[in-house]
Each structure stands twice: as structure tokens, then as C-alpha cells.
Amino acid sequence: MEYRRMGKTGLQLSALSYGSWVTFHKQVDDRLADELMGLAYDAGVNFFDNAEVYANGESERLMGRVLKGKNWDRTSYTVSSKAFFGWRGKENKPNQSGLSRKHLTEACHEALQRLQTDYLDLYFCHRPDKHVPIDEVVHTMNTLIQQGKVLYWGTSEWSAAEIMEAHRVAADYRLIGPAVEQPQYNLLEREKVEREFRDIFRTVGMGTTIWSPLASGLLTGKYNDGIPEGSRLSLEGFDWLRDKLMATEKFSKVKALGTIAGELGVQQSTLSIAWTLANPNVTTAILGATRREQLEENLKALDVLPLLTPEVLKRIDDTMGTAPKLPDF
């Protein structure tokens, strides 16, 4: 396993990590979660990602049960939670979602209980909140760090302007600013990481824990001929994700990517994950495998990384046609 420092912090995260969005509780039960997390940990994975909203809190409870049963040395792994959406869904009442001091604090306490841990290594603001001043968010996160409940805080799907505003507030009040952002990043979603965050990486130096390196499975090629039963896009309640991903123009690109993978002698999924790791601004790519053989294959991405020469990367760029246009400086 390769370990990368998270931005300008001293924290080292495994280049490949394991997350539970969609999978835990909906596709993965306690027995399978125990097996998959154990396989990941034995392979060197030291970051396990979660959030209050995943399966309405059940994902964190499941992960907490596994972590308690494993009894791993707490200093050997990192675990996260994210707050914004709340866990009650349509039953959310005022203050049970968003980034107010009340919700961020209470969501942190609830995550600690569900995950059965004394502190969160990473705590993310899962989305920006237009109704809460960024000053309030930064002060709240700083307080949670001072209380020892959180070690590092971050953002997820924030804009560059919002992230820089948080850093300005932190600098003005001598508080701890966000150290990490969790954006979507894959061969079909490149704009934010490669263009919008360019100056952020050069200045404040945020780490990134990227999600959906396989575009919810689309980049594996398994959806080229339809939606297999039991796959993520076949799940009830994920029509929005299915509609977003199943644009016909994407399939020709995905199929062409499969040709490149075949010539390199690797799986298309492993190539797609390795491609994200070729970006030095990616701290870790979060895997979301639901089967042992799937996770074992995805963990081979680091073996594929040396095959991604500048020539191969250019060919992938030319094939996919998704590289954002960058300024000339």
C-alpha cells in the first residue's frame, strides 16, 4: 500500500480507502462488511469513510459494530463522518440538518455513538450551507477539534470560493481551517479537481478524499449492455443516479477505454481507479466494493499505476475527451 500525506497536514492516508455510501445496509450486511473491511485493512487500507445520511445512520452503526468486533488498534486506522443532510430523511425537523453549530455538534455526537469511537479522525461538512455564515461553521469545527472530538475537518462538494472563504475566516480569527475536500473525481468528472481547485492546491494545500472513482460503476464497463440485477443502479431510490449516469454519449467513451485496458492487460475498473491516483493532488480514492473479488481487483490499482506513462495518459485523455481546458499560466 502507498500512503500519502493529506495536503499540508502530517496525516498519512492509504492511497486506496474503503467507504460505505450506498453499499452498507442496502447491499452489505454485518458479515460481509466484516469480511470486506478486514480484507481492506489487511491490504493496508487505513481510512474508512462514512456519513450520517448513509442508510439513515444505519451505515455508521454497521461500521461501528464491525470496528468494535475487530478490536484493531485505534491508532492504526482513520474513520470519518459527514454532516449536512441529517439522518431522518423527510422526517428532519428544523436544526436536524444543515451546518448550524447545533446540528454540526449534535451530528458529531451521534456519529461518535454510532461508530462506537471516542473521536473522528476526519469530519466533513457534506455540502455547503447557504443559510449559515461560514464564520459559524469554522468556529464550530474549531471548537470540536479543541474538545478532542475531531482531529481534522474538511468539506465535501464545496466550491473553491467557499473553501477559500473558510480559510480566510480561520486566518482572521486564528482558528483551524479545513484540511481536506471530498469531491467526486473520475474520468467523467474532472472539472472541479483539475481546474477549479488548481489554486487551492498551490496555496492552502488541501488534501482530497475522492469519491466515485468508477462513476458508480459506469467506468467498469458493466453497464454497457444494460443494468445488471443487484448492481448499484438497479437499487430502489437511486433513479436520480441512474438518470444522471446513463447518458448514451458516455458509453462509446467507456467502451473505448476498455480497449486501452485490454491492451495494457488490466481490468477496466482497475485502470480507472489507477488513473485517479496518477493525479498527485489525490490523497486517497474511496472504494465502494460489495464483493470480495471486486475489492481484491480494485486494490490492484496501485500495481497498474506504473503503467500510466505520459503517453498512456495522453491517449486516455484523447479517448475520453473530458479533460477541462486550463489557463495558460
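# Close-up views of a predicted model

**View 1. Strand β3 and its two partners in the barrel.** In this predicted model, β3 and strand β10 (residues 284-287) pair in the parallel sense over three bridges. Within that pairing, the bridge partner of S17 in β10 is I286, and the bridge partner of Y18 is L287. β3 also runs parallel to β4, to which two bridges join it, and here G19 has D49 of β4 as its bridge partner. These pairings belong to a closed barrel of eight strands with parallel pairing, which runs β3-β4-β5-β6-β7-β8-β9-β10. In a regular strand the side chains alternate between the two faces of the sheet. In β3, L16 and Y18 point one way, whereas S17 and G19 point the other way, and all of them are buried.

**View 2. Helices α3 and α4 against the barrel strands.** Helix α3 packs on the sheet, where it touches β5, β6 (120-125) and β7 (150-155), and its direction makes about 140 degrees with that of β6. Helix α4 (residues 134-146) lies across β6 and β7, and runs at about 155 degrees to β7.

**View 3. Helix α1 and the elements that cover it.** Helix α1 comprises 13 residues (residues 30-42) and reaches 18 Å from its first C-alpha to its last, close to the 18 Å expected at 1.5 Å a residue. The buried residues of α1 are L32, A33, L36, M37, G38, L39 and A40, and what covers them includes β3 (16-19), β4 (47-49), α2 (58-70) and α11 (292-298). An α-helix has 3.6 residues a turn, so residues three or four places apart point the same way. Just after α1, G44 takes a positive phi of about 105 degrees.

**View 4. Helix α2 and its surroundings.** The end C-alpha atoms of α2 are 18 Å apart, which agrees with the 18 Å that its 13 residues should span at 1.5 Å a residue. In α2, the buried residues are S59, E60, L62, M63, G64, V66 and L67, and the elements that cover them include α1, β4, β5 and α3. The helix is followed by N71, whose phi is positive, near 55 degrees.

**View 5. The surroundings of Y123 in the largest nonpolar core.** In soluble globular proteins, nonpolar side chains tend to be buried together. The largest nonpolar core of this model has 85 residues, and those with the most contacts inside it are Y123 and I316. Leaving aside its neighbours within four places in sequence, Y123 is in contact with S81, K82, A83, L104, A107, C108, M141, L144, V150, Y152, W153 and G154. A second, separate core has nine residues, among them F47, F124, A179 and I286.

**View 6. S100 in the loop before α3.** S100 is placed in the loop between β5 (78-83) and α3 (101-115). Why does S100 count as buried? Its relative accessible area is 15%, and buried means under 20%, so S100 falls on the buried side of that cut-off. The side chain of S100 reaches the backbone nitrogen of H103 at 3.0 Å, while, not counting residues up to four places away in sequence, S100 touches V132 and E136.

**View 7. Q268 in helix α10.** Q268 lies in helix α10 (residues 268-277), and counts as buried because its relative accessibility is 12%, where the cut-off for buried is under 20%. When neighbours within four places in sequence are left aside, the residues in contact with Q268 are L219, T220, G221, V254, L257, G258 and A261.

**View 8. T322 beside L187 and R190.** T322 lies in the segment after α13 (310-320), and its C-alpha atom is separated by 6.9 Å from that of L187, although these two residues are 135 residues apart along the chain. What does the side chain of T322 reach at 2.7 Å? The atom in question is the backbone oxygen of L187. A polar contact of 3.4 Å also joins the side chains of T322 and R190. With neighbours within four places in sequence left aside, T322 is in contact with L187, L188, R190, K253 and D317.

How values were computed. Residues numbered from 1 in each chain as written. Predicted model: local features only at pLDDT ≥ 70, side-chain atom pairs only at ≥ 80, totals over all residues. Heavy atoms only, no water. Helix = DSSP H or I, 4+ residues; strand = E, 2+ residues; numbered from the N terminus. Expected span 1.5 Å × (residues − 1). Buried < 20%, exposed > 50% of the residue type's maximum accessible area, 1.4 Å probe, protein only. Contact = heavy atoms within 4.5 Å. Core = buried A, V, L, I, M, F, W, Y, C linked by side-chain atoms within 4.5 Å. Polar contact = N/O pair within 3.5 Å; in protein donor to acceptor, adjacent residues only side chain to side chain. Pairing = 2+ DSSP bridges. Axes fitted to C-alpha atoms, helices over the stretch in contact; angles between N-to-C directions.
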